[in-house]
Amino acid sequence: MTRVPLRPKLYHITHVNNLAAIVEAGGLFSDATMIARGGPASSIGMGSIKRRRLELPVRCYPGDHVGEYVPFYFCPRSIMLYLLYMANHPELNYSGGQEPIVHLEADLGEVVQWADSQGVRWAFTLANAGAAYTEFRNNLERLEDVNWEAVAATDFRNALIKEGKQAEFLLREFLPWELVQRVGVITPKIHSQVTRILAGARHRPSVEVTRAWYY
């Protein structure tokens, strides 16, 4: 049991080439919906894992599957980002590195408040939601079950740290763009690109070069 941060944040990573479509659509869709819509402009995920998540159950909601939820990590600089950075995983088709990857940050409390007001299901896991053995929770009083020390760790060679760092928050189907508070990028070049994309948006979250969020 570890101390829960005062205001936990949520992080979703995507390729900068997908950002305009996300803004135009008004938010983030689940993988199941994105597949039905023809997929993103630039996919950075592993196809085999995405397919598995479409079949894995969200155990606190019988009949629901992980791939029907929008996924978030509780930290930037995730293990998935590390795999994109290394670009040597045999199941990863993407090879563009971490520079084009942007972090979309939201506030956990605000997301849950919105979801509860709209009757939208949400859950969080204690490990990778793509693992068949992971545990699910749907009560914020159980946030202390997350290994927050692992979430914050920058060295994840230890198996338990690696597992705990991959804890996820899952939101059924869709996250409105208005709930994104900040966009984190690695370079001034991507900062300029994101700023241009958001120039005409009704909601413009802050865009910041957050080098510490990257490898």
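I began with the charges, where Lys and Arg count as positive and Asp and Glu as negative. On that count, the chain has 23 positive and 22 negative charges, and their mean positions are 5 Å apart. I note here that this is a predicted model.

**Entry: the whole chain**

I looked up the overall make-up next and found eight helices and ten strands. The C-alpha atoms fill a box of roughly 40 × 40 × 35 Å along the principal axes. I then asked how the radius of gyration fits a compact globule: for 215 residues the expected value is near 17 Å, and the chain has 16 Å, which agrees.

How much of the chain is buried? I found that 49% of the 215 residues count as buried. The surface that the chain exposes comes to about 10,600 Å², and carbon and sulfur atoms supply 50% of that area. I also checked contacts with a separation of 6 or more, and 75% of them join residues 24 or more positions apart.

**Entry: the cores**

I went looking for the largest nonpolar core and found 39 residues in it. The members that touch the most other members are Phe 74, Leu 104, Phe 169, Leu 171, Trp 177, Val 183 and Val 194. Helix H5, residues 108-118, gives this core its largest share, four residues. Apart from this core lies another one of 17 residues, including Tyr 73, Ile 79, Leu 92 and Phe 156.

I picked Leu 104 for a closer look. Leaving out residues up to four places away in sequence, Leu 104 touches Leu 10, Tyr 11 and His 12, among others. Its list of contacts also includes Trp 177, Val 180, Arg 182 and Val 183.

**Entry: Leu 171 and its strand**

Where does Leu 171 lie? I found Leu 171 in strand E7, residues 168-172. Leu 171 has a relative accessible area of 0%, so it is buried. I liked this pair: Leu 171 and Tyr 69 are 102 residues apart in sequence, yet their C-alpha atoms are 5.0 Å apart in space. Beyond residues up to four places away, Leu 171 touches Glu 68, Tyr 69, Val 70 and Phe 72, and its other contacts include Val 111, Trp 114 and Trp 122.

Moving along the chain, I came to Glu 173, in the loop between E7 and strand E8 (174-176). Phi of Glu 173 is near 75 degrees, a positive value in a residue other than glycine. Glu 173 counts as partly exposed because its relative accessibility is 31%, and partly exposed covers the range between 20% and 50%.

**Entry: around helix H4**

I started just before the helix, with Ser 78. This residue lies in the loop between strand E3 (69-73) and helix H4 (79-86). Is Ser 78 buried or exposed? Ser 78 is at 2% relative accessibility and therefore counts as buried. Not counting residues up to four places away, Ser 78 touches Ile 13, Tyr 73 and Tyr 215.

Which residues of H4 are buried? I listed Ile 79, Met 80, Leu 81 and Leu 84. These buried residues pack against strand E1 (9-15), E3, strand E4 (101-107) and helix H7 (159-165).

I finished with Ala 87, which follows H4 and lies in the loop between H4 and E4. Phi of Ala 87 is positive, near 55 degrees, and Ala 87 is a residue other than glycine. With a relative accessible area of 35%, Ala 87 is partly exposed.

Notes
Residues are numbered from 1 along each chain as its sequence is written. This is a predicted model: local features need pLDDT of at least 70, side-chain atom pairs count only at pLDDT 80 or more; totals for chains, interfaces and linings use all residues. Side-chain values use heavy atoms; hydrogens and water are left out. Helices (H or I, at least four residues) and strands (E, at least two) are DSSP runs, numbered from the N terminus. The radius of gyration is taken over C-alpha atoms; the globule rule is 2.2 Å times the number of residues to the power 0.38. Buried means under 20% relative accessible area, exposed over 50%, partly exposed in between (1.4 Å probe, protein chains only). Contact means heavy atoms within 4.5 Å. Accessible areas come from the Shrake-Rupley method with a 1.4 Å probe; for residues, only the protein chains shown count as cover. The place of a charge is taken as NZ of Lys, CZ of Arg, CG of Asp or CD of Glu. A nonpolar core is a set of buried Ala, Val, Leu, Ile, Met, Phe, Trp, Tyr and Cys residues joined through side-chain atoms within 4.5 Å.
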